[in-house]
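Grab a pencil and work through these exercises with the structure open beside you. Each task comes with a solution, one step at a time.

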Amino acid sequence: MTTWNREHDLLLAETMRWASGVGDAARARELRHAALAMNHQRYLGRIPLYRDLARRAHVGPDASIETLAATMLLPDGIFKSYPQSYLDTRDFAAMNRWLRTIFDRDFATRTDLATIDEWLTALGEHGVHAVYSSGTSGNLSFVPRDDYSWALFREGPLHYTMLLLARLGVVGRWKAAVAKLAGRALSPNRFQSIVDRLGLRDFDGVFLNFRGGNQGIQLVGHELATKVRRATFLYPIDISATALRTLARGNPNAVERAHTEAFLDATVRQKDANYVRVLDALRTAAADGQRVLVFGAPYLVKELCDRIAASGERVKLPAGSVVGYGGGWKSFDGDKISEPALLSLIERAMGIPPEMVVEAYSMTEIGALMMKCEHKRFHVPPHLETLVLDAALEPVAGDDAAGILAVMDPFAVSYPGFLITGDAVVRTRRPCECGLAGDTILSVGRAAGAELKGCGGIMAAVNA
Amino acid sequence: MSGFAYQAEPIVPPIQRLVDDHGWLALDADGIVRCPLLVHGALIGPEPITRSAIERAFAALDRGRGSADPYAGYARIGACQVLRHAVIGGPSTEVDAPPALSGGSAAPRRRKTMRPTGRWMYRVMPALDPLAIPERDLDALAELYAMPFARVLDWLDAVRAALAGDPDIVSRVRELERATSEHPDAFLDAAFAALPILLDREHAVRAVDAELAHHGATGRALLDGWVALDERLQPGPAHLVGFNKMSDGFARSLGTHVPTSRAMPTRQLHITAGNSPLIPLFSLLRAVWTKSPCAIKLPSGAALPGALVALAAHVAAPDHPLTRHLSVVYWRGGDDELERVAFAPGMFDRIVVWGEPDSVASVKQRSRFTKVLCFNPRYGASMIGREALAGDDAQLDDVATRAVFDTMVENQKACIASLVHYVEGDVADAERYAAAVARALAKWDDHPHPLLDRHRGQLRRLERGLMMDARVDYHAPGGEFRAGVVVAPNDFAIKDHPMCRLVVVRPVRALADCLGFLHHGVATIGVYPEDRRLALRDRIAARGVSNIVPLGQSGCAAVGMAHDGMLVLSELVDWKNG
């Protein structure tokens, strides 16, 4: 188990108290700002891109949080600012040089690598965990985390999500009461050891995910999979960054072509067989009276429901089963249905009522999970500083603000965590009827201009 | 003699009289401008509407607007359509630009700044009946289709003369357009000054004859009737197989019939864009030159110049077949009620669409049974050979100045404007060239341009690391951005370019290395020096680029040139065989 730095230990403890309903917003703010100030100094000393920007903006080590918010927010595009030609030519030495500009330490990998997947593996062997996300253009974002940031990323959200799930009634009543007490009284490490031991062992897990690989939302599924009694993955292979990029951009070499073929085989060609296996797992759990946690992106949850419906026999999962989804509809926007329609579909297909369906919002670049409550608000955990910006990237003041979401994440230790996202949100600081304190996000969409202007469309994939 | 001195009534030109009688094209105290639309030659004015009704409608639309979201720009209020535009610019001032360079009678009023004033201007237009726009009675088009091309020239002369005879109304429309225009003043003035040139009859003759010439016949002849081809018909397989089944007369006729060809007008819908105020006029002229009935959908950002020409047509040639089959209209792009009809099979023979990728894709997808001509979003680039760096700074400045002219096409909003300058050399060479580009751009400081919030945001993103190892240099006298140069040692995503007078300078080892960055999305490449252009032009063209021109000439055009790889007039007519 990772020993957290004191500033993070204190923040995790505060997120646990917040999730247990006894958070102290002022203290959280103080702890958060202290951690952010430490991160700023760390970035200044170690991250070349950040240091360069600070020099140009005349920002010193003792800058206030307000100054940092005004001058040191970086676009999330820094995680894909590498020339695409580096990957086109499989120049992984150059990719290492690029990654170093946004990472806090030197590293070296073998460079006789044939694919992105090999590069990611090689990075991992050197303690650099590059989580990636893929856009429609095939330009992959890579967020580099060291072992410590990686642990915070994977394990940090569990400290409060388990407690929030308990609030939502996902665990039994007595467990919820115990969890609430534990959240208020235990240290983060002690709490985590209990979560690790008990966790979601009452559940079988069905993950509409790949079995492994460092891709955004997949990682949430992987982490949950370690906590359930038995895990079934829709795709029993590791997701391949090589294949994702090749499918979007073409021009593969022989090794990349083989990766892509294997990927297509496991996902497209074996799709029916994969769903048969998943449906078998669900029906077996239902027959055994075993509660199930189903997790995936919304379009896959919908697809699962459609498959169940097409099978002609709904699956009646035992009471207490849960569906969790997040990650938006991405390029499957054409399949998008409204939230009420999706909830209704889930209930009809699997017998899971709307109150047992949980949605969460996050992004690859941050170490936080924002869970939606019964009042349809995404709750921002108190370790995360949120800002709302207008189109010119000027901060928007007020309790109710709508605009581009920016975040300052104290859990981003090894890479710049003061970020302008590509999401447009409506954020409010007004209290939520669910009783949970702090910032909440009422709606999320893509920021205007995230796929930019007159040269969007095919231009989105074009480099010059 | 009565003893009274005779005092002549001032003669009010007809367009001005018409608009003044109806209260059109004048800014009232409420910030409202009423604009008529033309439907099959008839002017339709908007119904009366109050400022308070407009404000209520927009307040409802603005509810829930985010700080990063644009304000609502369109409202449908009863039988009116209302466009809302921000008034841009500080106190105006008279300048010494000669009227000849601006169109109209009065000296243009140039804006000192291009910042939003916080005031709105509302353009009110009538709502449209979707079924009224397409030409559905094909027999009613016979007169237009049979009309000789000479009558096209008559129409052009009449419209041109009407505008020339009414300079005050041209000035008025120009100033109304200026109040909200995002185009720098000088560009707007140049667009209005171009009206008489574009309406010139010689221009029409040369364009038609160049683009529609076929088998040695002139375009005009082919538009006006069936032209015999100097060719013999070849029998088809059925004739060969069934030759013993023919009568002698039938067999002889195969050898004696003279094939003919005709360029038939088509019913055209032009969905235009506002990145140049002249685009609606370009589209209108293409329809007129091909003797075609047409509907021009004006862009929200440049509706007035098109409306002005429609007014002139109505006044100067109301009974001319071209006017009677001309509609100049507006509806909000994506309006399902209108577009369901407009894109239905058989409503139009051609749909021409300019604009944003989503708009183009949407129109193509919904009008699958009509021939669609797309002017897709594209961009330009410049290729600077190492010869430019071989001389002194004066020579380099000259090259940079030429390249900046390519960048400044419609203030970098045109699809041919150069966004990237590839320089043959190393980073130091690129830095030296970039300094020359910065000097050349600074010379355009006297033409301020507005910076939208999204531009500011994107400029900040660029400053904050969006391009690896890029050196970002913004020219911002008095803290106000005027231009920027970014030296980017590596390739970058073109979607990150803000297109607001910013040049990305990219060093390349050899000019041929640029070929890897070219594709159908690149409209124009300007090359320096000329011998390098000649050496590379076929390879550039093979990659989908439409225009490979000497550096500095991207914004030039010649009559009869292809546009986006098409001889557009040839695409707009329907080629018939007889």
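A polar contact is a pair of N or O atoms within 3.5 Å; within protein, one of them must be able to donate a hydrogen and the other to accept it. Keep in mind that you're looking at a predicted model.

**Exercise 1. Work out how chain A and chain B meet: how many residues does each chain bring to the contact, and how many residue pairs are in polar contact?**

Step 1. Start with the residues: chain A puts in 43 and chain B puts in 38.

Step 2. Next comes the area. The size of an interface is often given as the accessible area lost when the parts come together. Here about 3500 Å² is buried between chain A and chain B, and carbon and sulfur atoms give 60% of that.

Step 3. Now use the definition you just read: between the two chains there are 10 residue pairs in polar contact, counting pairs with both residues at pLDDT 80 or more.

Step 4. Look at which parts of chain A do the touching. The elements giving two or more residues to that side are α3 (48-57), α4 (65-71), β1 (74-75), α5 (84-88) and β12 (400-408) of chain A. Sort the residues of this side by type and you get 27 nonpolar, 11 polar and five charged.

Step 5. Finish with salt bridges. The count between chain A and chain B is one: B:Arg460 pairs with A:Glu394, with their closest N and O atoms 2.6 Å apart.

**Exercise 2. Take strand β11 of chain B: which residues sit on each of its faces?**

Step 1. In a regular strand the side chains alternate between the two faces of the sheet.

Step 2. Now apply that to residues 268-271 of chain B. B:Gln268 and B:His270 lie on one side, B:Leu269 and B:Ile271 on the other, and all of them are buried.

Step 3. Find the strand's partners. β11(B) runs parallel to β14 (residues 350-354) of chain B, joined by four bridges, and B:Ile271 stands opposite B:Val353 there. Four bridges also link β11(B) to β12 (residues 294-297) of chain B, again in parallel, where B:His270 has B:Ile296 as its bridge partner.

**Exercise 3. Decide whether A:Asp423 is buried or exposed, then find what its side chain touches in a polar contact.**

Step 1. Locate A:Asp423 in strand β13 (residues 418-428) of chain A.

Step 2. Buried means under 20% relative accessible area. A:Asp423 has 10% relative accessibility, so it counts as buried.

Step 3. The side chain of A:Asp423 makes a polar contact of 2.7 Å with that of A:Tyr361.

Step 4. Leaving aside neighbours within four places in sequence, A:Asp423 has contacts including A:Met363, A:Gly403, A:Val444 and A:Arg446.

Technical notes:
Residues numbered from 1 in each chain as written. Chains lettered and ligands numbered in written order. Predicted model: local features only at pLDDT ≥ 70, side-chain atom pairs only at ≥ 80, totals over all residues. Heavy atoms only, no water. Contact = heavy atoms within 4.5 Å. Buried area = accessible area lost by both parts, 1.4 Å probe. Salt bridge = Lys/Arg side-chain N within 4 Å of Asp/Glu carboxyl O. Nonpolar A, V, L, I, M, F, W, Y, C, P; charged D, E, K, R; others polar. Buried < 20%, exposed > 50% of the residue type's maximum accessible area, 1.4 Å probe, protein only. Pairing = 2+ DSSP bridges.
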